[in-house]
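Reader: I would like to go through this model with you, asking at each step how the terms are earned. Shall we begin?

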Amino acid sequence: VNTPVRRWVGSADPSRRCGVCQHGAKGRRGLASQRVRMDTEGSGSSALEEVMETLRKNQDDAVAAMKEAQNLAALQELRVKYLGKKGSVTSVLKSIGKLPKADRPKLGGLVNQVKDEIQALFDKRKVEIEDEEIERMMVDEHFDVTLPGVGRKKGSVHPIRATIQKAVDCFVELGYELVDGPELSPEIETDYFCFEALNCPEDHPARDMQDTLYITDDQKYLLRSQTSAVQARYMKEFGPPFAIVCPGRVYRRDDIDATHSFQFHQIEIMALGKDLTLEHLRGTVIHFLKRMFGDEIKVRFRASFFPFTEPSMEVDVFFNEKWLEVLGCGMVDPFVIEKAGYDPEEWQGFAAGFGVERFSMVINEIRDIREFTNNNQEFLEQFNFHTLDGA
């Protein structure tokens, strides 16, 4: 029990009784200091004991709660509750400033020891819960680790893509330039480039609403109905001589059935020079068809009509014991050359175009155009176009 420091007053002061004033004063100061320090130490030890009791209680609570935790989420919440920045164990350190300097290291060391013990329990309990969850999954899901893995299927090139690439490669090898970027080959086209620049006046049947998908009320913009518009744009942008191949998607107001669709793909070619003739066109078309169908393929040309070529021809191939129409072609109409700003007396050329789906259907013996867009994996896998080189 700490005894309060007593102060002597009046004649009862020991220094006066002993007659040694300086020695007595010094003695009084030493005694007072010693007893105040003892009183402070006593209250400090009491405060430390109180904080330590709180710390021990937090430790016991943490241990009990972590042992009862049934999943990792609950366990993590307990870790934050006790060891987080605002956790109850960590918060004990806030009391360290209220203790005497001699007691502060003791509290700091004890707090660290408790935190280490709780962290160790957390790590141990985490491993136990993970093991318990794995065992539960093995029982509930009946997972057979001896089963073979599920392989990932290897993709292949779509028949349309394979046909486009094979045709384009044929013309590129002949020196043609591929034109398919958005600037020269937009799918939203103007009436001028799709019709007017190609010798299709306003009363031409190709402008009929039943054939063309217009997207503005004034019919100035439309989803292009043919890739011939690319040729008109190219002639407007670049001067002859040139030879270009233009693949792309086109749109028409067709009812969907086994041979028709509202969207399909076309490839068109155009060559413009000073000495090009119908014989150049004929030789180019025959070379191309042999590349697509084989060297033994029979080809015939029939007179026809297209507004942007004169003369114009339809081309058939004898395939699977019957004649099949596969493309249209002709010499570029002088009006089209003049419309682009060039002298038709100086420049001549030829053009040809065909539907990609039709070529692919003939070559691969596909009976329904809708198969190309049905996303039927079994249908696509049978062609085995794994690389464009082998297409």
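Reader: Which elements each supply at least two residues of the lining of the largest pocket?

Author: Strand 6, strand 8, strand 9, strand 10 and helix 11 do. The model is predicted, so local features need pLDDT of at least 70 and side-chain atom pairs pLDDT 80 or more, while totals for chains, interfaces and linings use all residues. Residues are numbered from 1 along each chain as its sequence is written, and side-chain values use heavy atoms, without hydrogens or water. Helices (H or I, at least four residues) and strands (E, at least two) are DSSP runs, numbered from the N terminus.

Reader: What makes a space a pocket and not a cavity?

Author: The way out. On a 1 Å grid over the protein atoms alone, a cavity is a set of points where a 1.4 Å probe fits but cannot get out; a pocket is an open set with protein on both sides within 12 Å along at least five of seven lines. Lining residues have an atom within 4 Å of a point. The largest pocket has 45 of them, with Arg252, Phe264, Gln266, Glu325 and Gly355 nearest its centre. Strand 9 gives the most, 8 residues.

Reader: How much space lies in the largest pocket, and how do its lining residues divide by class?

Author: About 1300 Å³. A volume is the space filled by probe spheres set on the points, which are joined across faces, edges and corners. The lining has 19 nonpolar, 15 polar and 11 charged residues. Ala, Val, Leu, Ile, Met, Phe, Trp, Tyr, Cys and Pro count as nonpolar, Asp, Glu, Lys and Arg as charged, and the others, Gly among them, as polar.

Reader: How many cavities of 30 Å³ or more does the structure hold?

Author: There are 3. The largest has about 60 Å³. Phe171, Ile267, Glu268, Ile269, Val285, Phe288, Leu327, Ala352, Gly353 and Phe354 line the largest cavity. Strand 6, helix 9 and strand 10 each give two or more of those residues. The class split is 8 nonpolar, 1 polar and 1 charged.

Reader: Which element gives the most to the lining of the second largest cavity?

Author: Helix 8, with 3 residues. Helix 7 (191-194) and helix 10 (334-339) also supply at least two each. This cavity has a volume of about 50 Å³. Its lining divides into 7 nonpolar, no polar and 2 charged residues.

Reader: What makes strand 1 (177-178) and strand 7 (298-306) edge strands?

Author: Each pairs on one side only. Two strands pair if DSSP finds at least two bridges between them. Strand 7 passes that test, with 8 bridges to the antiparallel strand 8 (residues 309-319). There, arginine 302 stands opposite glutamate 314. The full open sheet has 7 strands in the order 1-5-6-10-9-8-7, with mixed pairing.

Reader: Which strands stand at the edges of the open sheet of 3 strands?

Author: The order is 2-4-3, with antiparallel pairing. Strand 2 (188-190) and strand 3 (213-214) each have a single partner strand, so one side of each lacks a neighbour in the sheet. Strand 2 and strand 4 (residues 221-223) share 3 bridges. Threonine 190 has tyrosine 221 as its bridge partner in strand 4.

Reader: Why are helix 9 (residues 278-293) and helix 11 called oblique?

Author: Their axes cross at roughly 50° and come within 11 Å. Axes are lines fitted to C-alpha atoms, for helices over the stretch in contact, and angles run from 0 to 180 degrees between N-to-C directions. Under 35 degrees is roughly parallel, over 145 roughly antiparallel, 65 to 115 roughly perpendicular, and the rest oblique. The angle fits none of the named ranges, so helix 9 is oblique to helix 11.

Reader: Which residues meet where helix 9 touches helix 11?

Author: Phe288, Leu289, Met292 and Phe293 in helix 9 meet Phe359, Val362 and Ile363 in helix 11. Contact means heavy atoms within 4.5 Å. By class there are 7 nonpolar, no polar and no charged residues.

Reader: How do you know that helix 3 (residues 72-83) and helix 5 (residues 104-140) are roughly antiparallel?

Author: Their axes cross at roughly 175°, coming within 10 Å. That is over the antiparallel limit, so the two helices are roughly antiparallel to each other. Their contact has 6 nonpolar, 2 polar and 6 charged residues. Among them are Leu72 and Arg79 of helix 3, and Phe122 and Glu130 of helix 5.
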